[in-house]
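Good morning, colleagues. Please take a moment with the sequence and the structure before I begin.

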Amino acid sequence: LTPALRMPPKKKDGKKKSAVSDEPGQKPEDLLSTYTAFVKKIGLPPNGEVTAALADDGGENPYRGKQIIVDGGDDPSDTTKQLGPGGCRALATAIMGSHPTMPKHPETGQPMLYKTLQELRIWGANIGDDGASSIAEVLRLGGAEIQLQYLELTNNGITAIGAFALGRSLSCMMNLSLITLNLDYNMSLGSEGVAALSQGLRTNSTLKKLSLRYCNLDSEAGAPLGEVLNFTRCGLNILDIQGNHIGGTGLMELCPGLQNNKSLTKLIIADNDISDSSSEDEEGLKKFAGVLLVHPTLTSVDLLYNRIGYFARHLIPAVDVPSGGNKNIVEFRVDASLDDDMYAKLNKMGGGKGKKGKKGKKKCDATLKEDVVQVRGRGDTSRPAVYEFRYKGSYERERGLMAQELLCDDRWRNAVSVEMDEEDGLHLEVDAEFVDLATK
């Protein structure tokens with residue numbers, strides 16, 4: 001499996017430059033020069049993706065230097081894109097400025113850390129455990145000054161070894177800047193890798209989102225993830241483990257930690273082999289229901305693609321408000337294979353979440369969104385394309401439409417209107433009922 005194509009986030013124009021850019025060594029071209037010189041010294045070619053992310057583009061990319069994206073592409077032999085473990089270590093070393101041959105700070109004589117970097121995204125670039133460990137060093141040793149907030153290492157062959165290094169770098173007081181950690185599609189991670197990662201994360205109080213989609217997790221991943229959630233000062237808001245195999249047993253093991261947690265707002269356990277085929281599945285769902293009923297902060301739960309059948313009845317008292325369920329849970333997604341009555345009582349689409357427009361409308365302007373992924377509509381022109389995304393400034397992923405696309409189609413352009421407010425200025429909104437129908 002390979003990660004879906006993503007649109008890199010953009011920032012709004014008009015923001016002031018960070019004061020750190022006035023310090024020596026903090027311009028993108030400074031890092032590029034250090035990195036290029038170092039890879040040549042150790043006999044590696046400069047990576048084309050890293051070079052493109054840092055090179056002067058005449059001001060076209062307002063995020064240049066703050067965000068580095070390395071997309072390894074589909075051809076493992078393409079050395080211009082495949083960063084590899086050595087190339088990743090070279091990049092990390094350049095960011096830390098830690099090699100003796102690298103420029104030193106003119107006043108202190110100390111290594112010049114590249115403090116401007118905020119987001120690092122490496123997709124399918126074969127960095128492996130050694131590459132992950134080198135990035136962990138940036139988090140651990142540079143965490144006080146390098147304010148890296150978003151780290152995405154998808155589909156990179158990371159195992160428990162790399163996961164342990166990342167977890168250690170994020171343990172108590174080691175790093176206070178990272179908000180999002182995305183390790184999706186590392187199929188070699190497995191439950192052993194989650195256990196290794198959790199050794200550090202179970203004392204982390206600053207991480208807000210952890211994504212482990214399609215990482216080959218089984219039932220043994222439930223307990224270590226529960227330990228992360230059980231930490232008294234846990235700050236995690238979103239846990240996404242879609243596309244794994246934790247089953248009812250893993251769900252049961254997750255529940256003790258989830259029950260004591262007071263920070264999680266969104267839990268995604270879609271497509272996790274939870275079914276109506278065993279007593280373990282039923283017991284897991286029963287225990288899960290008990291936690292959902294009393295959880296103080298959960299607002300969104302995704303159980304899609306789990307064919308829980310008649311066992312879904314155990315969830316109704318916890319989720320269905322007329323039955324006494326938790327009023328805080330405004331979004332609850334279950335598989336459409338349920339019978340109509342249970343589906344009607346359980347499935348909630350979370351209407352009213354996200355950026356609200358004027359009454360009866362939703363803000364669907366593409367310029368307000370980032371991390372956009374198309375989830376429905378490829379090759380199907382009978383319905384509007386549906387996307388998952390984050391609104392800028394939010395940690396939560398949501399599902400919706402792109403107003404700019406609707407304007408290009410005579411069938412749907414009447415659902416779009418131009419609005420103005422103090423928060424987002426001139427922007428596009430779409431009829432809320434139209435959005436709800438199109439995304440169901």
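Which residue's side chain meets Arg89 in a salt bridge at 3.4 Å, N to O? The partner is Glu137. This pair links distant parts of the chain, with Arg89 in helix α3 and Glu137 in helix α4, 48 residues apart.

I should state at once that we are looking at a predicted model. The mean pLDDT of the chain is 87, and 90% of the residues reach 70 or more. Residues 1-20 call for caution, since there the pLDDT is below 50. That stretch nevertheless has 38 contacts in the model beyond near neighbours in sequence.

Let me return to Arg89. Its side chain also meets that of Asp130 in a salt bridge, with 3.2 Å from N to O. Asp130 belongs to helix α4, residues 128-141, and Arg89 to helix α3, residues 84-96, so this pair ties together parts that lie 41 residues apart in sequence. As for accessibility, Arg89 is partly exposed at 26%. Asp130 is partly exposed as well, with a relative accessible area of 37%, and Glu137 is partly exposed with 32%.

Where does Ser134 sit, and is this residue buried or exposed? Ser134 is placed in helix α4. With a relative accessible area of 2%, Ser134 is buried; the cut-off for that class is under 20%. Setting aside residues up to four places away in sequence, Ser134 touches Cys88, Arg89 and Ala92. Arg89 therefore appears in this contact list as well as in the two salt bridges just described, with Asp130 and with Glu137, and the reason such pairs are possible is general: side chains of opposite charge can pair when their charged atoms come close.

How many salt bridges does the structure hold? The count is 16. Another of them joins Arg121 and Glu119, whose closest N and O atoms are 2.8 Å apart. Both Arg121 and Glu119 are buried. Elsewhere, salt bridges that share partners join Glu23, Lys115 and Glu145 into one network.

I turn now to the packing of two helices. In general, two packed helices are described by the angle between their axes and the distance between the axes. Helix α7, residues 222-230, packs with helix α8, residues 247-260, at an angle of about 5 degrees, and the axes are 7 Å apart. Angles under 35 degrees count as roughly parallel, and α7 is accordingly roughly parallel to α8.

Which residues make this contact? On the α7 side they are Gly222, Ala223, Leu225, Gly226, Leu229 and Asn230. On the α8 side they are Gly250, Glu253, Leu254, Pro256, Gly257, Leu258 and Asn260. By class, the residues of the contact divide into six nonpolar, six polar and one charged.

Next, two residues with notable backbone angles. Tyr214 has a phi near 50 degrees, a positive value in a residue other than glycine. Tyr214 is placed in the loop between β5 and α7, and is buried, with a relative accessible area of 17%. The second residue is Asp273, where phi is near 60 degrees, again positive in a residue other than glycine. Asp273 is found in the loop between β7, residues 266-268, and α9, residues 279-294. Unlike a buried residue, Asp273 is partly exposed, at a relative accessible area of 46%.

Strand β5, residues 209-211, contains Lys209. Is Lys209 buried or exposed? Lys209 is buried, with a relative accessible area of 9%. The C-alpha atoms of Lys209 and Lys41 are separated by 37 Å, and these residues lie 168 places apart along the chain.

My final residue is Pro111, in the loop between α3 and β2, the latter being residues 119-123. At 33% relative accessibility, Pro111 is partly exposed. Which residues does Pro111 contact, leaving aside neighbours within four places in sequence? They are Met96, Gly97 and Lys104. For Met96, the C-alpha to C-alpha distance from Pro111 is 7.3 Å, at a separation of 15 residues in sequence.

To close, I return to the opening topic: Arg89 in helix α3 is paired with Glu137 in helix α4, and Arg89 also meets Asp130 in a salt bridge. Thank you for your attention.

Key:
Residues are numbered from 1 along each chain as its sequence is written. This is a predicted model: local features need pLDDT of at least 70, side-chain atom pairs count only at pLDDT 80 or more; totals for chains, interfaces and linings use all residues. Side-chain values use heavy atoms; hydrogens and water are left out. A salt bridge is a side-chain nitrogen of Lys or Arg within 4 Å of a carboxyl oxygen of Asp or Glu. Helices (H or I, at least four residues) and strands (E, at least two) are DSSP runs, numbered from the N terminus. Buried means under 20% relative accessible area, exposed over 50%, partly exposed in between (1.4 Å probe, protein chains only). pLDDT is the predictor's confidence in each residue, from 0 to 100. Contact means heavy atoms within 4.5 Å. Axes are lines fitted to C-alpha atoms, for helices over the stretch in contact, and angles run from 0 to 180 degrees between N-to-C directions. Angles under 35 degrees count as roughly parallel, over 145 as roughly antiparallel, 65 to 115 as roughly perpendicular and the rest as oblique. Ala, Val, Leu, Ile, Met, Phe, Trp, Tyr, Cys and Pro count as nonpolar, Asp, Glu, Lys and Arg as charged, and the others, Gly among them, as polar.
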